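Work through the exercises below with the sequence and the model at hand. Try each task before reading its solution.

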Amino acid sequence: MIGSNKKTTMPLADKLVSSFLAFELDIDIQSPVHNIRTDAIKKFEKLGFPHRKLEAWKYTSLNKLLKEDYTLFSKKKNVLDFKNVKDFFLDNTESYKLIFVDGFFDSFLSQTSHEKVDVCIMSAALSKAKYTSIIKKYFNKSIEKGDSLSQLNTAFSKEGAYIHVPKNIILEKPIEIIHFATGNESALMLQPRNLIVLEEGAQAEIIESHQSLTDNPIFTNSVSEIFVSKNAHLDYYKIQNDRLSSSLIDNTYISQERDSNSKIHTFSFGGKLTRNNLNYYQKGSYINSTMKGITIIDDKQLVDHHTLVDHANPNCESHQDYKGIYSGSSTGVFNGKIVVDKIAQKTNAFQKNNNILLNDKSTINSKPQLEIFADDVKCSHGCTIGQLDQDALFYLRARGIPKKEAEALLTYAFANNVLESVNIPALKSKIKKIIANKLGVEIGFDL
Amino acid sequence: MAYTEEELKKELETKEYEYGFVTDIESDTFPVGLNEGIVKAISKRKEEPEWMTDWRLKAFKSWQEMEEPKWANVKYPKPDFQKISYYSAPKGKDKYNSLDEVDPELLKTFEKLGISINEQKKLTGVAIDIVVDSVSVATTFKETLSKKGIIFCSISEAIKNHPDLVKKYIGSVVPQKDNFYATLNSAVFSDGSFCYIPKGVRCPMELSTYFRINQAGTGQFERTLVIADKDSYVSYLEGCTAPSRDENQLHAAVVELVALDGAEIKYSTVQNWFPGNKNGKGGVFNFVTKRGICHTNSKISWTQVETGSAVTWKYPSCILKGDNSIGEFYSIAVTNNYQQADTGTKMIHIGKNTKSTILSKGISAGKSQNSYRGLVQINAKAENARNFSQCDSLLMGNKCGAHTFPYIEVKNKTAIVEHEASTSKIGEDQIFYCNQRGIDTEQAIALIVNGFSKEVLNKLPMEFAVEAQKLLEISLEGSVG
């Protein structure tokens, strides 16, 4: 059995490569997608896992993570009781749900749709004839040159969310994607693969989270490919509030066509190691790309945000706003790269990264990067690192607010303008709750 | 009136490097190539003591095992280190007692460049340690300086006359194995300047050196060491122009600054080496390692105006080791045609209450690439560290590029770090405003660029500020199309 040989000291990369053959037994190797998979595994074999000598991984080491002996494919389907996982869903909000447990689709907890829109699963999309044309058109198209982790995911791509919103359809309720890991057996590695396509004029709101239900180490290497066509509008929220035993590498690739608008909010509070590779490719004019994030971490947590915006066409905009609050011996990394091609005149690209360090053992490494080849552009980036305003703190405490609450209020105020642009009320209050919880206070922030 | 913009453009495109001429001085040049023998020969020629020869050989050994750095955002044909001559000194008498003994041809060169030693001597009060190719040929105002106990001489003289100081400080800020080019320099450095300011002395004049690369195919490996003892002050100027050559010339200098407790060093550079012609042919490769170390309460301030060189790779840095020390970096980098510049600074905060300021202005025109690369590092023990960085880029046309790669690493919660960067072009309304008032476009651009870089120009000593302003205008001529 694959992954059951516990005493092996085989490096994870080798183990993955050799398990590819076993993986092939499980899937339809006649499908055209399979060529992409075999190609990807070859690329991964050549590249291996990223290491700190690579510029993009200078501040984040995967070494510890890779030492675990992960089960690569969960053997049995674990069934979850809704009562136990209720907290991870939005309260009182109608939504489509795509729920995966240990990499398998959970049809009981999910609520899919095939009417007008397709909110279903990758394994169906990859095998059924009616999806072939879309898979052919979009699958793996934006990550052919992706890094080794994306290649690895492609090689083992099998299950995940598949969302296709046809022309001019506006989804009236959000889609929740949750990847649960029970990891009952042992350490577990998961590689979900999501494909989201918004056709012309379509609109959708999506909430994605990865949730471990065990203290066994979980290593998730997720890839989401998102295509936002002409005039389409996407709101995407990533909630990263996992247990401290699990780590996540989230690779997201967004291709946008003209006049489209897409926003990604990333809320990172949990997890041992979280790496977000967020890549935007602008394939037309008048595109608006927004990425915002709040990171609040402590202990030995590490959150690494890598963003790339490729401005390849004129008259586009991008906005980045990342806030980070670091305490304990946590580490924050921000690397924002804006590339403006020489034909991309009249580009407006803004990037902001503000950080607060609350402990001497916490570290922040920030690298806002601009590469500009066009002259008629407005590009700026700003980065600050500082502390909570002592005067403001004093003001609050002089009015009888305890130190902890006062600090929490200031922290919340610091992060608030990112939160303001969240359009789903239930989600907003959920995040506020998480923040209050994370800061150890019992205030609602609804002032 | 008949003079159209087209004509102007044409004229400027064909305009050759103003300072491109070759001085006809017989040079005493070593055979090309690099091996232990050459290193020994350089050392022998310079009549160096044994410890220096050993030091060079040690560096050479390390260099052989090193690889050229590839991370910089510049592209150039790899220099063939075996095709460079590592030593070139103007022939003639070995030592000069007065200017009269200096080769008249050489003096003419300086005049062409607008640096009349005599005039400078009288009018500006600048002591100049002139370096043509590699050997100092004239040192002026030595007497005035020596009365104050200031040592200002060539590094080879210092090795002979002040071995204790050199031994103690050389390689202490830029270690031998620091990087490929610094190691190469350590092995083969030809000459350079040495400066020591004793305790409590305020150097009464701006110390300055002019570097020139002259002999065809000669590598230039300068080594500068400035030591400011406790509570002293010195302002040091360095400026360069080089003759026009077709083949690429390599320049790998090392500058080390030591600011002891309470001392202040101000180091200003105007660099205007041959940038290559408008097709990107020729030009100087400038791979420089400049670094200063600040002890308690001391201050190091770097100011640079970079307009020349085909490829520039230069990061004047400050190690803020002592408490309350201050590091500053002010830079203007202008690239035109096919020039490439990857420049910036490193501010390493180690001591408590350390402050640093970074102000970088990049102007790219033509088909050039201009990068800012900087590191601000606040170590865990650096309480109350403060940094402010600003890097602005100005682009002219869509064939050039402006890049910023700032690295910010903070490990202390009391640190306050701010970084801003912006990229923009010269506003059409600004130019229109000038045009309306009878200022032609070319002049308007010069005006706007000067305004853009004013904050940095203001930091330059008087003598340089004027020259630098002129340089900016010259470098950007023909960039409007």
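The exercises that follow deal with charged side chains.

This is a predicted model, in which local features need pLDDT of at least 70 and side-chain atom pairs count only at pLDDT 80 or more, while totals for chains, interfaces and linings use all residues. Residues are numbered from 1 along each chain as its sequence is written, chains are lettered from A in the order in which they are written, and side-chain values use heavy atoms, without hydrogens and water.

**Exercise 1.** Find how D304(A) and R275(A) meet, and decide whether each is buried or exposed.

Solution.
Step 1. A salt bridge requires a side-chain nitrogen of Lys or Arg within 4 Å of a carboxyl oxygen of Asp or Glu. D304(A) and R275(A) form such a bridge, at 2.8 Å from N to O.
Step 2. D304(A) belongs to strand 15 (residues 302-311) and R275(A) to strand 13 (residues 273-282) of chain A, and the two residues are 29 residues apart. Strands (E, at least two residues) and helices (H or I, at least four) are DSSP runs, numbered from the N terminus.
Step 3. Buried means under 20% relative accessible area, exposed over 50%, and partly exposed in between (1.4 Å probe, protein chains only). D304(A) is buried at 1%, and R275(A) is buried at 2%.

**Exercise 2.** Locate the salt bridge partners of R291(B) and K290(B).

Solution.
Step 1. R291(B) pairs with D178(B), with 2.8 Å between the closest N and O atoms.
Step 2. R291(B) is in strand 13 (residues 284-294) of chain B, whereas D178(B) is in the loop between helix 8 (163-169) and helix 9 (180-188), so the bridge ties together parts 113 residues apart in sequence.
Step 3. R291(B) is buried at 14%; D178(B), at 28%, is partly exposed.
Step 4. K290(B) forms a salt bridge with E238(B) at 3.2 Å, N to O. E238(B) sits in strand 9 (residues 233-241) and K290(B) in strand 13 of chain B, so this pair connects parts 52 residues apart in sequence.
Step 5. E238(B) is buried at 7%, and K290(B) is buried at 2%.

**Exercise 3.** Which residues are joined into one network by salt bridges that share partners, and how many salt bridges are there over all chains?

Solution.
Step 1. The network consists of K346(A), D376(A), K425(B) and E428(B).
Step 2. Over all chains, the count is 29 salt bridges.

**Exercise 4.** Is K64(A) buried or exposed, and in which helix does K64(A) lie?

Solution.
Step 1. K64(A) has 70% relative accessibility, so K64(A) counts as exposed.
Step 2. K64(A) lies in helix 3 (residues 63-67) of chain A.
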